[in-house]
Amino acid sequence: EFLRDLKRLEAQIAETFDPQISKAHSLHKSLLAEKKKFTEPLAVAERIVKPRIAAYLDEEDRRRREAETERLKAEAEASAIADEALEKAKTLDESGNKTAANEIINTAFDRAQEVLDKAPEVPEAVQAKGLSLCENWRFEIVDVAALPREYMKPDEVKIGRIVRALRSQASIPGVRIWSEKTVTSRIGTRG
């Protein structure tokens with residue numbers, strides 16, 4: 001009887017609050033739908049423009065890195081020219097031929113400068129205020145059979161269906177199956 005009284009009291013509370021909750025829920029849903037009319041075009045535009053911005057920023061970064069690599073190669077070549085000339089000039093200078101040593105240094109300087117002049121300038125990294133380029137790593141499974149066991153997840157929905165259907169007859173390796181008894185009650189006079 002106590003359990004039935006609880007259920008009757010619960011029904012009275014539901015009668016009092018459910019209509020108001022339903023109205024509030026309907027209002028909430030309609031306001032969300034109205035809001036979506038205004039925000040959906042913005043979300044569509046954002047989905048269109050974000051990949052384009054990401055592609056632009058990625059391409060600019062690739063170009064900058066490529067120019068930086070070319071510039072470093074040119075600097076290394078210019079340095080090698082200067083080092084080689086310095087060794088030759090040092091030998092000539094030690095043998096007393098200062099004019100030839102100076103000529104080698106001047107020629108090497110001109111050659112090194114030509115190499116550096118041909119090297120591309122490294123552009124500044126593109127900075128867009130308030131934007132940053134994030135890198136998200138993704139994956140797709142191409143061969144389920146090759147996956148290690150630790151990456152497998154049991155299908156608990158399917159196991160639950162089998163257990164509820166077969167009850168005590170269910171037998172699944174690695175799964176413990178049992179029943180739990182609970183009490184349910186309905187409002188009514190029948191016992």
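User: What makes the meeting of the Arg64 and Asp61 side chains a salt bridge?

Analyst: A salt bridge is a side-chain nitrogen of Lys or Arg within 4 Å of a carboxyl oxygen of Asp or Glu; the side chains of Arg64 and Asp61 meet at 2.9 Å, N to O, and therefore the pair fits that definition. This is a predicted model, in which local features need pLDDT of at least 70, side-chain atom pairs count only at pLDDT 80 or more, and totals for chains, interfaces and linings use all residues. Residues are numbered from 1 along each chain as its sequence is written, and side-chain values use heavy atoms, with hydrogens and water left out.

User: How many salt bridges does the structure hold?

Analyst: The structure holds 19 salt bridges.

User: How do you know which residues Arg64 touches, not counting those up to four places away in sequence?

Analyst: Contact means heavy atoms within 4.5 Å, and with that sequence limit Arg64 touches Val122, Pro123, Glu124 and Ala125.
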